[in-house]
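Reader: I am new to this structure and would like to go through it with you. Could we begin with the charged pairs and then move on to other topics?

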Amino acid sequence: GSMFRVVPWRHGQRVIVAARPIVACERVFKIPIRPEHVSAEATMHTIQLDAQRHLLPGPALPGSELLHHSCEPEGDLVFSAAGIVFQARRDIAEGAILSFDYTTTEWALSSPFDCACGTPQCIGRIGGFKFLTVAQQQARAHRVSPFVREMWGAETDRSRMGGGQVQKAEVR
């Protein structure tokens with residue numbers, strides 16, 4: 001059976017919770033990446049694959065679009081060519097809301113929001129990896145998606161070369 005289930009939550013929303021106890025590092029589910037589930041448009045429910053492509057998780061694996069954000073989440077999204085795996089970061093109790101850190105997959109969110117996770121590590125405004133402090137970026141670096149890692153590397157290289165501005169020689 002499924003390792004997660006969809007349940008009602010506050011304000012008429014729904015969330016996904018662990019359907020049974022899950023152990024640290026366990027692969028909870030995989031969201032397949034198929035062309036019909038990829039969009040050029042980013043929304044509050046898509047997962048960024050690269051600069052032009054965003055996965056629609058709901059059609060790919062119903063319920064997966066309800067993964068919550070937390071600054072200290074239950075799991076991480078692990079990317080491969082075949083799909084995105086939600087992997088437990090630690091032991092998860094049955095009934096716990098499943099979450100991941102949205103800043104690890106989104107360079108810049110299409111719908112930024114104020115976090116309400118309430119954890120000691122809460123960073124407040126969730127706008128994407130691009131908007132984190134250097135310390136926050138470094139703390140998440142080992143958990144980010146391939147695209148976020150690529151963007152961060154490009155930005156880091158630019159800043160090393162003179163404050164982010166590429167100097168162009170004047171052509172006469």
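Author: A term is needed before the count: a salt bridge is a side-chain nitrogen of Lys or Arg within 4 Å of a carboxyl oxygen of Asp or Glu. By this rule the count comes to seven salt bridges. Please keep in mind that this is a predicted model.

Reader: Which residue forms a salt bridge with R89?

Author: The partner of R89 is D76, and their closest N and O atoms are 2.7 Å apart. This pair links distant parts of the chain, since R89 lies in the loop between β9 and β10 (99–100) while D76 belongs to strand β8, 13 residues apart.

Reader: And what else does D76 form a salt bridge with?

Author: D76 also forms a salt bridge with R143, again with the closest N and O atoms 2.7 Å apart. Here too the pair links distant parts of the chain: D76 is in strand β8, and R143 is in the loop between α2 (134–140) and α3 (146–160), 67 residues apart. Taken together, D76, R89 and R143 are linked in a network of salt bridges.

Reader: Is D76 buried or exposed?

Author: D76 counts as buried because its relative accessibility is 10%, and the cut-off for buried is under 20%. The two arginines are partly exposed: R89 has a relative accessible area of 24%, and R143 stands at 26%.

Reader: Where does D50 come in, and which side chain does it meet?

Author: D50 meets R53 in a salt bridge, at 2.8 Å from N to O. D50 is partly exposed, with a relative accessible area of 22%. R53 is also partly exposed, at 37% relative accessibility.

Reader: Let us change topic. How many residues are in the largest nonpolar core, and which touch the most other members?

Author: The largest nonpolar core has 27 residues, and those touching the most other members are V28, F29, L67, L77, F86 and L98. The elements that give two or more residues to this core are β2 (14–18), β3 (27–32), β8 (75–79) and β9 (83–88). As background, nonpolar side chains in soluble globular proteins tend to be buried together.

Reader: What does L98 touch, then?

Author: Leaving aside residues up to four places away in sequence, L98 touches F4, I16, V17, A18, V28, F29, L67, H68, F86 and I92. Apart from the largest core lies another core, of eight residues, including L132, F147, V148 and W152.

Reader: How many helices and strands are there in the chain?

Author: The secondary structure comes to three helices and 12 strands. Three of the strands form an open sheet in the order β4-β6-β5, with antiparallel pairing.

Reader: Which strands stand at the edges of that sheet?

Author: The edge strands are β4 (38–39) and β5 (47–48); each has a single partner strand, so one side of each is left without a neighbour in the sheet. β5 pairs with strand β6 (residues 54–55) in the antiparallel sense over two bridges. Within β6, L55 is the bridge partner of I47.

Reader: And the cysteines: how many disulfides does the structure hold?

Author: The structure holds zero disulfides. C115 is in no disulfide, and the nearest cysteine sulfur, that of C117, is 3.5 Å away. C117 is likewise in no disulfide. The pair does not qualify because a disulfide needs sulfur atoms within 2.5 Å. As for accessibility, C115 is buried, with a relative accessible area of 14%, whereas C117 is partly exposed at 25%.

Reader: What are the overall figures for the chain, such as its span and the share of residues that count as buried?

Author: The C-alpha trace spans about 70 × 40 × 30 Å along its principal axes. Of the 172 residues, 40% count as buried. Among contacts between residues at least 6 apart in sequence, 56% join residues at least 24 apart.

Reader: One last point: where is the pLDDT below 50?

Author: The chain averages a pLDDT of 91, and 92% of the residues score at least 70. Over residues 164–169, however, the pLDDT is below 50, and this stretch has two contacts in the model beyond near neighbours in sequence. Where pLDDT is low, the predicted coordinates should not be read in detail.

Methods. Residues numbered from 1 in each chain as written. Predicted model: local features only at pLDDT ≥ 70, side-chain atom pairs only at ≥ 80, totals over all residues. Heavy atoms only, no water. Core = buried A, V, L, I, M, F, W, Y, C linked by side-chain atoms within 4.5 Å. Buried < 20%, exposed > 50% of the residue type's maximum accessible area, 1.4 Å probe, protein only. Helix = DSSP H or I, 4+ residues; strand = E, 2+ residues; numbered from the N terminus. Contact = heavy atoms within 4.5 Å. pLDDT = per-residue confidence, 0-100. Pairing = 2+ DSSP bridges.
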